[in-house]
Amino acid sequence: MTTSVMVDSITKRFGDTTAVNNANFEIAKGEFFTLLGSSGCGKTTLLRMIAGFMKQTSGHVRFGDRIIDDVPPHQRNTGMVFQNYAIFPHLSVFDNVAYGLRARRRSADDIDREVRRMLDLVRLGHLAHRRPRELSGGQQQRVVLARAMVIQPDVLLMDEPLSNLDTEMRVHLRSEIRALQKQVGITTIYVTHDQEEALLMSDRIAVMSAGHVEQIDTPHRIYAEPQTLFVASFIGENNILPGTVAGTDGGDGFLIELPGGGRIAGAGLENRSMGSPCQVSVRPQDIGIVPAEGAPLQGTLADIQFLGSTIKLLVDIGGEKPLLVSLQGRRGMEMPVIGARYGIDIPAKAVRLFGQGGAA
Amino acid sequence: MTALRSAPTAFGRLFSFWPLVTFGALVVTTLLLLLPVYNIVGLSFSGKGTGKSILDNYAMFFSEPYYYRSLINSFIVSISATVLALIIGVPAAYYVSRYNIWARSLIKTVVVLTFVSPPFIGSYSWVVLLGRSGILTKFFAEYGISLPSIYGAPGIIFVFTLQYFPFVFLLVSSGLKSIDQSVEDAARNLGSGELGTFFKVIAPLLLPSITTGALLVFIASFTDLGTPIILGEKFRVLPVLIYGEFVNDFGGEPVLASTLAVLLLCVTTAALLLQRWLSSRFSYATAAIRSLTLQEQPLGKRIAASAYVYLLMAIAVLPLVNIVVSSFLKSNGPVLTAVFTLDNYRRIAATISTPLWNTIFYTTSATLLCAVVGTMIAYIIVRRPGRVSALLDTIVMFSYAVPGIVLGVGLVVTYHHPPVALTGTALILIMAYFIRRLPFSVRSSVSSLQLLSRDTEEASVNLGAGPAATFIKVTVPLLSMAILSGVLLTWSNTIRELSATLILQSGSTATVSVEIFNEVVNGNFGVASALGSVLILLTFMPLIVLFTFMGKNEEALV
């Protein structure tokens, strides 16, 4: 039976370095949960502690209500999918998938039935007697997926399973994995550095940085409502600009002065004293271009990057970095002119403000 | 349904598979290596009478010329052989690797043949050729030319040089392969000539290979027993003295033999530590994307280089050819005649079965033990790093430093008395062979394991197979080719062991190499040649399999 997983105040130190710093979260039964971060952020270390290949310095791992800290990895009943496949090169596809069932001393009939069912599920039934070296990378990864799922693990653990595949196979397999996971309903912990993968596949995402869990949320909220400056800059394209509090609108809102002197409205900052510094985050696609006359924020168009469906504008507003604006390319639209002045429309809703520490 | 079982306690985990294996490996290496060494060290510090200092034995060694001379002699022959091996070996390796001389693969075969052939067979073959009534001696004497004597220091140095220069040759050849062609191109482009490039760029990059080769030649020469016994006459080196004292003391406590053995051990240990330090000091960790290429040479240079290499190889392989040829010749004691006969083989046919069976039985047992224990120890060292595993690593590598004759004396001292009186049994020989070759097995498994991704084993554990099951079902099959080639190499190396065997055998446990040695000492050259040919054949067979079917090349030997 699949189970919920709880990571309870887990810290892992290697000598002086802290690889994982007090990670805390609970994963619901049947949830697809992703650990997202760049390399060295501690996501794989965390996964390996859940699998039992490493022991945490402090804290507990729970499966359901059971603490499993002292259960050796071969008794944890997790199914793991590795980045380099870790297929057994000396065994046939069938024997690879049967490996876990044999370790559990299941009867030959059981094994035969279960392995065939699982191979059909990943559409490899016709290759049961092939050797791994005769398979493509995508096929090998499907064998490994079948091998991990056939034992009906309590939790499915995936460590960057798609990063060694070419783009086409990756796009194809990620929807296949997600469909399979939904169909079987198994709790899954998925480690990746690819944010597109994370946003597309996950029920919830934990964004990690330098051993620290920055934010745990649904993909949409991670993207639209980043809670820290790191998440805002890590997920998706973003403009991060230094600003200064220039006034309030009486209510929750602020007036922020940007470098170059332009002012925009925003909300949600704790330190409301005049003149205090802050960081402003605005998504490029939330910014509009309007005629310059009368606009409170203006800039000079410095460059245009034409990418077909989108058009990126680099607008100089007098700060160190130009402002990135992303427009949807439509038929008949008028191309902006390099060197001309434009007004910049930033709706207050699109602005997120962070204090100097990085937190909202 | 859940596969979770109750969690074992910390105490319970001590009794799980790998901790038990680690403990077992520590016990075995302690009993077979550390305890014997500890015992001879203890014996060497035991003053015999009352009021005598514990340093008495050493004091006597360094005051009696008969004793300390042997140490000086050992240094003389070993250092000379090392220097000569470098002088002939480095250019030979360079020419064979870089110049388009003819029949390069044949030359490599000859190097392998000389390298793996038993050293004492080589020396006795030189006696047949260049001894007082040797074939070449007499041939040249008819023309009034007297050849230099093969006996004494010059003969020993000559034979050691020819026997051990392949260490230098093989290491330098593989060192050359790890240098990228672009390095040489850059030096030439900046204006260096061939010789300048070699000394300023290539040779410095080869230093780790050269120093390793030199120290291997030194240690092999310093610890060899057979050659100096056969050729030394009045010129005695340390191992000969150890053997002599050991035979004299037989039955009593081999105090003096132990003292000498400790001195020998000090030299080899220092040499190995020096080698480790040198190779880490000069290692540049280069990896060649495109190795140094073969260069087309002008005809003159090509002929000169070929002539040099061919002459060297001809001299090196001559003793082997001589053994095989003379085994078919009628002999009259030490004098061979030019009459073809199978008499020698008829004579050994009656007596060879016991020693042959002994040889094969001991070698095979030790080889299998090495494969099993060596792979497990390698696994502990690579996959379970920690203090205990580092200790095990150090102990195993220490057995590199323990020469066969030292180990032999140590094992006798340790296992001579009841309740564990093992001297003269098959078991003690198997133990000696096993511990001598163990570091080689461990080293070769360690390097294959390091190339093997951990993920595959973790996948197995993750799927529910325990540590022992994972090792047997996944690790061993994935290492099988490496283990098999290790087995063939161990077999080929163990079968020609002489120094430890001479100390540990008891007539009924004699091996083919001991039989050859006895026949040589008794002057029955014809019989010795026939036995020698059999031993050479046994040594080569596994190597032929290794090179032909397993895609290994001669560099696997060092």
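In this predicted model, helices α4(B) and α14(B) lie oblique to each other, and the reason is their crossing angle: the axes of α4 (residues 65–98) and α14 (residues 299–326) of chain B cross at roughly 125°, which falls outside the ranges for roughly parallel (under 35 degrees), roughly perpendicular (65 to 115) and roughly antiparallel (over 145), and so counts as oblique. The two axes come within 10 Å, and α4(B) passes α14(B) in a left-handed crossing.

Which residues meet where α4(B) and α14(B) touch? From α4(B) come Ile88(B), Ala92(B), Tyr95(B) and Val96(B), and they meet Ala305(B), Tyr308(B), Val309(B) and Leu312(B) of α14(B). Sorted by class, this contact has 8 nonpolar residues, with no polar and no charged ones.

Now let us turn to chain A. Is strand β7(A), residues 155–159, enclosed or open? Because 5 of its 5 residues are buried, β7(A) is largely enclosed by the rest of the structure. In a regular strand, side chains alternate between the two faces of the sheet. In β7(A) both faces are covered: Val155(A), Leu157(A) and Asp159(A) are buried on one side, while Leu156(A) and Met158(A) are buried on the other.

Strand β7(A) also has partners, listed here with one facing residue pair for each.

| Partner of β7(A) | Residues | Bridges | Direction | Residues standing opposite |
|---|---|---|---|---|
| β6(A) | 78–81 | 4 | parallel | Val81(A) and Met158(A) |
| β8(A) | 188–192 | 4 | parallel | Ile189(A) and Leu157(A) |

So β7(A) pairs in the parallel sense with β8(A), and β6(A) runs parallel to β7(A) too.

Definitions and conventions:
Residues are numbered from 1 along each chain as its sequence is written. Chains are lettered from A and ligands numbered from 1 in the order in which they are written. This is a predicted model: local features need pLDDT of at least 70, side-chain atom pairs count only at pLDDT 80 or more; totals for chains, interfaces and linings use all residues. Axes are lines fitted to C-alpha atoms, for helices over the stretch in contact, and angles run from 0 to 180 degrees between N-to-C directions. Helices (H or I, at least four residues) and strands (E, at least two) are DSSP runs, numbered from the N terminus. A crossing is left-handed if the near helix is turned anticlockwise from the far one by less than a right angle, and right-handed if clockwise. Two residues are in contact if their C-beta atoms, placed from the backbone, lie within 7 Å. Ala, Val, Leu, Ile, Met, Phe, Trp, Tyr, Cys and Pro count as nonpolar, Asp, Glu, Lys and Arg as charged, and the others, Gly among them, as polar. A residue is buried if 20 or more other C-beta atoms lie within 10 Å of its own, exposed if 12 or fewer, and partly exposed in between; C-beta atoms are placed from the backbone. Two strands pair if DSSP finds at least two bridges between them.
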